[in-house]
Amino acid sequence: MPTSRHPTRQVLIGDSRVGFLKIGGGLPEQSGSPTTTAPVIVQTMTAGYTHEIDRCVAEINKLAAAGADIVRVAVPEKKDTEALKEILPRVRVPIVADVHFHFQRALEAIEAGVHKIRLNPGNITDRKQVIDVIQACKGAQGGRGIPIRIGVNEGSIIERKDKEKRMKELGAFFAGYKHGHLLAIMIAKLEEYLDIFYEQDFRDIVISAKSMDAAFVVDAYTEISKRFEHPLHLGVTHAGPKETGTIRSVVALGGLLINGIGDTIRISYANDPIYEVQDGLELLYCLGLRERVGVDLIACPTCGRIQVDLFTLVQDVRKALAEKVTVPMKVAVMGCIVNGPGEAEGADVAVFAGDRRGIIYVQGERVANVPEPEILERLLAECLAFQDKVKRGEAKLGEKKVDIIPPDPIGELGSGFDKIAGGKVEKSVGLTIGKS
Ligand code: SF4
C-alpha cells in the first residue's frame, strides 16, 4: 500500500457543466483550513486533430467513457482553438489545451472556455507573453480562474546564462544522481518559471517534469516534491509502443505513487490513447489509490498441467465481463486444481479447469461443472447473477472467506490416472494447494 500522499496546494479544474475535479490537496487553503487530498486522477491526450470537430468530440467521449478524468487536446493552429468553442459544449470531462510556442493559442483557448492550459514557459521566449497567459487564466470563467500546468520536460529545458551559477550549485548538490546535472537544470528552470507565476500572484499550478528515462523520472519528481507545493502530473514522455512503454511507465509512475508522490497521471504510448486510460486506471487500482470499477481478474499463467485453451478463455472472459460487470468483483480463471484454489483465494467467482471442463465456484460454493465450450457462458451468467445479488444487497463482494475444496482431479475434472501417473496432475492435491 502507498504511504500517505505528499501534501500539495490543491487546484480545481472544470466548470458547472462538466463538474469540478480536484487535483492534489492536503495543504491549507488561503482561508487556513486544510484541504482533503483528492484521489489521483487519470488523464490522456487525443491522438487526432482538434480541428476535426466531430472526430475530436467522439475521441474525447470515448476516452471519458473508458475512465479518463481529464482529456488534453493539442491546439497548434488557430483553427484548433476555434474548434474548441464547438467541442467544449459536446463533451463531459474537463479539457486541457496543450500550448507550445504560440501564446496566442493559449489566449484563444481560454476565450473558448477551456478548463486548463498546459504551457512550457521555456517555449515562449517573451516573458510578457507568458504574463498575458497567466493574467488571462486568472480572469477566466467569470473570474474564477483556471489552472496552468507548467511542463519542464527533459527535451525542452534550455540553459540560460543568468541561471548558470544556480545550476552549478544545484549540480553539485545532485552529484549523487546518475543524471545530477540534468536534474539541476530542471529544478533551476522550475524555480525560474515559478517566479514569473508568483510575481503575478498566480498559484493554481500543476507541475510536470517528464523524461523517457524511467529512473530519471523517479529522481526528478522525488526532488520536485520536496521543493515545491504544487500538485504533480506524473508521466514518462515518449514511452514508446505499448509493449515496452507499459513497463517503462509502470516502473516510474508506480515507484512514485507508492511513495505518495503524484496527483494526476498520464501514461503515454505510441498507440490508441484508450490504452493509456485503461493502464493508468489499472495502475491506480493495483496500488489501492482508486476504487476499482468492474472486474478484478486473476488468471494463472498456465503450465504443463493445462488441459483447456486458457489464454483464449481468459481473454474472452475479460472482454465479456468488462462490458457487463460494473461492481469490483474478483474473478479467477485457473488452469487446474493443483495451485488454483490457493491462488484464487478471495475470488468471488472462480473457475478451475480440468480435462476440457471447468468447475465454477461462487464465493466458495461449487455451482457448476461444465464442458469447455460452455465455461464462458456459464461463468458470465454466474458473475451477472452474483452482481445482481450484490446490487440488491443480498450478497457482499469479498465478504465470504472463500475456502474452496478442490474438485476431484480423477473423476470430476476427468484428468484420469494416466495423466496423474504421467505427472500432468499432482496426485496429492490437498498438499499442494496454495503453493506455487
Ligand atoms: S499449476 Fe494449474 S493453476 Fe498453476 S499455472 Fe499450472 S495450470 Fe495454472
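Biologist: Let's start in the middle of the sheet: over how many bridges do strand 4 and strand 5 pair?

Modeller: Strand 5 covers residues 95–99, and strand 4 pairs with strand 5 in the parallel sense. Bear in mind that this is a predicted model. The number of bridges between these two strands is four.

Biologist: Thanks! Which residue in strand 5 stands opposite Val73?

Modeller: Strand 4 runs over residues 70–74, and its partner here is strand 5. Standing opposite Val73 in strand 5 is Ala97.

Biologist: Which strands are the edge strands of the open sheet?

Modeller: Eight strands form this open sheet, with parallel pairing, in the order 8-7-6-5-4-3-10-9. An edge strand pairs on one side only, and that applies to strand 8 (205–208) and strand 9 (233–235).

Biologist: And by what angle are neighbouring strands of this sheet turned against each other on average?

Modeller: Here the direction of the strands is ignored. For neighbours in this sheet, the average turn is 25°.

Biologist: Now a helix, please. How far apart are the end C-alpha atoms of helix 1?

Modeller: Helix 1 has 14 residues, 53–66. At 1.5 Å a residue it should span 20 Å, and the model agrees with that: the end C-alpha atoms are apart by 20 Å.

Biologist: Within what arc do the buried residues of helix 1 fall?

Modeller: The buried residues are Cys56, Glu59, Ile60 and Leu63. Viewed down the helix axis, they line one face of the helix, because they fall within an arc of 95°. As background, residues three or four places apart in an α-helix point the same way, since there are 3.6 residues a turn. The arc for helix 1 is 95°.

Biologist: Which exposed residues does the face turned away from the buried side of helix 1 carry?

Modeller: On the buried side, the cover includes strand 3 (41–45), strand 4, helix 2 (78–87) and helix 9 (274–286). The face turned away from that side carries the exposed residues Asp54 and Ala65.

Biologist: At what angle do helix 8 and helix 9 pack?

Modeller: Helix 8 spans residues 242–257, and its axis is 11 Å from that of helix 9. Helix 8 passes helix 9 in a right-handed crossing. The contact is made by Lys242, Thr246, Val250, Leu253 and Gly254 of helix 8 with Tyr275, Asp279 and Leu283 of helix 9. The packing angle is about 35°.

Biologist: Back towards the start of the chain: what is the bridge partner of Gly14 in strand 2?

Modeller: Strand 1 (residues 11–15) and strand 2 (residues 19–23) pair in the antiparallel sense over five bridges. A hairpin of three residues joins the two strands. The partner of Gly14 is Phe20.

Biologist: Is Gln141 buried or partly exposed?

Modeller: Gln141 lies in the loop between helix 4 (127–139) and strand 7 (148–151), and its phi is positive, near 50°, though it is a residue other than glycine. A residue needs 20 or more C-beta neighbours within 10 Å to be buried, and 12 or fewer to be exposed. Gln141 has 15 such neighbours, so it counts as partly exposed.

Biologist: One last item: what is the phi of Arg356?

Modeller: Arg356 sits in the loop between strand 13 (349–353) and strand 14 (357–362). With 14 C-beta neighbours inside 10 Å, Arg356 counts as partly exposed. Arg356 is not a glycine, yet its phi is positive, at about 60°.

Definitions and conventions: Residues numbered from 1 in each chain as written. Predicted model: local features only at pLDDT ≥ 70, side-chain atom pairs only at ≥ 80, totals over all residues. Expected span 1.5 Å × (residues − 1). Arc of directions from axis to C-beta. Contact = placed C-beta atoms within 7 Å. Pairing = 2+ DSSP bridges. Axes fitted to C-alpha atoms, helices over the stretch in contact; angles between N-to-C directions. Left-handed = near helix turned anticlockwise from the far one by under 90°.
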